[in-house]
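Let's take a walk through this one together, starting at the metal and working outwards. Keep the viewer open as you read.

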Amino acid sequence: MQKYYVCPECQGHLMVGDYIILSAKNRQDKRGLLLLHPEIGNYSSIKHPSFKFTAGDPIDFYCPMCQHYLQSRFDKNLVHVIMIDKDRKEYDVYFSRIAGEKSTYQVAGDKTVSATGEHSHRYTYFKIPEELKKYLQK
Ligand SMILES: [Zn+2]
């Protein structure tokens with residue numbers, strides 16, 4: 001079994017064929033579908049040419065089934081989906097909603113498994129080890 005992606009709200013399958021399909025809304029409030037590559041660190045995407053955005057634009061991502069807004073609970077610029085790997089292990093996957101910004105994080109429980117992409121330093125809380133977080137909260 002290969003890995004797959006599900007919506008954190010309705011658990012519906014987001015990956016069909018070779019791509020993750022998400023409903024999106026651009027800066028001009030136009031809606032479109034985006035096909036994202038399921039491989040972490042691969043930022044290629046497919047869309048209809050009528051759905052336009054430019055680098056730096058914030059994109060809103062929604063589940064195409066339940067319309068849940070896929071915003072992470074700790075940063076409005078990170079999109080949250082669930083990835084289940086071939087061993088049925090569940091991960092939270094976060095990626096930037098800013099067009100052209102390459103940052104993806106794979107998280108298992110409280111532990112960051114990987115931070116990928118040339119802009120991944122922008123969301124630094126994923127880099128802080130658990131042992132140090134308790135000192136920051138004081
Ligand atoms: Zn959903």
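What arrangement do the four donor atoms around the zinc ion make? This is a predicted model, and in it the angles that the four donors subtend run from 103 to 112 degrees, so the arrangement is tetrahedral. For reference, the ideal angle for four tetrahedral donors is 109.5 degrees. The donors themselves are the SG atoms of C7, C10, C63 and C66, at 2.3 Å from the zinc ion. Along the chain they follow the spacing C-x2-C-x52-C-x2-C.

Two of these cysteines are worth a look for how they sit relative to the surface. C7 has a relative accessibility of 0%, so it counts as buried. C10, on the other hand, is partly exposed, because its relative accessible area is 33%.

Now step back for the overall layout. The protein has ten strands and one helix, and if you read along the sequence the order is β-β-β-β-β-β-β-β-β-β-α. Of its 138 residues, 41% are buried. Take the contacts with a separation of 6 or more: 41% of them are between residues 24 or more positions apart. As for the outside, the accessible surface comes to about 8,200 Å², and carbon and sulfur atoms account for 51% of that.

Back to the loop between strand 1 (4-6) and strand 2 (15-16), which is where you'll find P8. With a relative accessibility of 22%, P8 counts as partly exposed, since buried means under 20%. Its contacts beyond four places in sequence are L70, H80, V81 and I82. Pick out H80 from that list: P8 and H80 are 72 residues apart in sequence, yet their C-alpha atoms are 7.6 Å apart in space. Q11 is found in that loop between strand 1 and strand 2 too. Q11 is not a glycine, but its phi is positive, at about 60 degrees. At 45% relative accessibility, Q11 is partly exposed.

H80 also leads us to S72, which touches H80 along with L78 and Y94, leaving aside neighbours within four places in sequence. S72 lies in the loop between strand 6 (60-62) and strand 7 (78-84). Is S72 buried or exposed? Its relative accessible area is 4%, so S72 is buried. Its side chain has a polar partner as well: a polar atom there lies 2.8 Å from the backbone oxygen of D75.

Next, the aromatic rings. How many aromatic pairs does a search of the whole structure find? The search finds five. One of them is F61 with F95: the ring centres are 5.5 Å apart and the planes are at 80 degrees, so this pair is edge-to-face. F61 is in strand 6 and F95 in strand 8 (residues 90-96), so to speak a link between distant parts of the chain, 34 residues apart. Both F61 and F95 are buried. Y105 and Y123 form another edge-to-face pair, with 6.2 Å from centre to centre and 85 degrees between the planes. This pair also links distant parts of the chain, 18 residues apart: Y105 belongs to strand 9 (residues 104-108), while Y123 is in the loop between strand 10 (111-116) and helix 1 (130-136). Y105 and Y123 are both buried.

To finish, compare two aspartates in loops. D57 is found in the loop between strand 5 (45-47) and strand 6. Its relative accessible area is 8%, which means that D57 is buried. The side chain of D57 makes a polar contact of 3.0 Å with the side chain of R27. R27 is also among the residues that D57 touches beyond four places in sequence, along with R97, I98 and A99. D29 sits in the loop between strand 3 (19-25) and strand 4 (31-36). Here the relative accessible area is 56%, so D29 is exposed. The backbone of D29 has a positive phi, near 65 degrees, in a residue other than glycine.

Terms used. Residues numbered from 1 in each chain as written. Predicted model: local features only at pLDDT ≥ 70, side-chain atom pairs only at ≥ 80, totals over all residues. Heavy atoms only, no water. Helix = DSSP H or I, 4+ residues; strand = E, 2+ residues; numbered from the N terminus. Buried < 20%, exposed > 50% of the residue type's maximum accessible area, 1.4 Å probe, protein only. Polar contact = N/O pair within 3.5 Å; in protein donor to acceptor, adjacent residues only side chain to side chain. Contact = heavy atoms within 4.5 Å. Donors = N, O, S within 2.8 Å, 3.2 Å for Na, K, Ca; no water. Tetrahedral: all angles 85-135°; square planar, octahedral: opposite > 155°, others 65-115°. Areas by Shrake-Rupley, 256 points an atom, 1.4 Å probe, with all protein chains shown as cover. Phe/Tyr/Trp six-rings, centres within 6.5 Å; stacked < 30°, edge-to-face > 60°.
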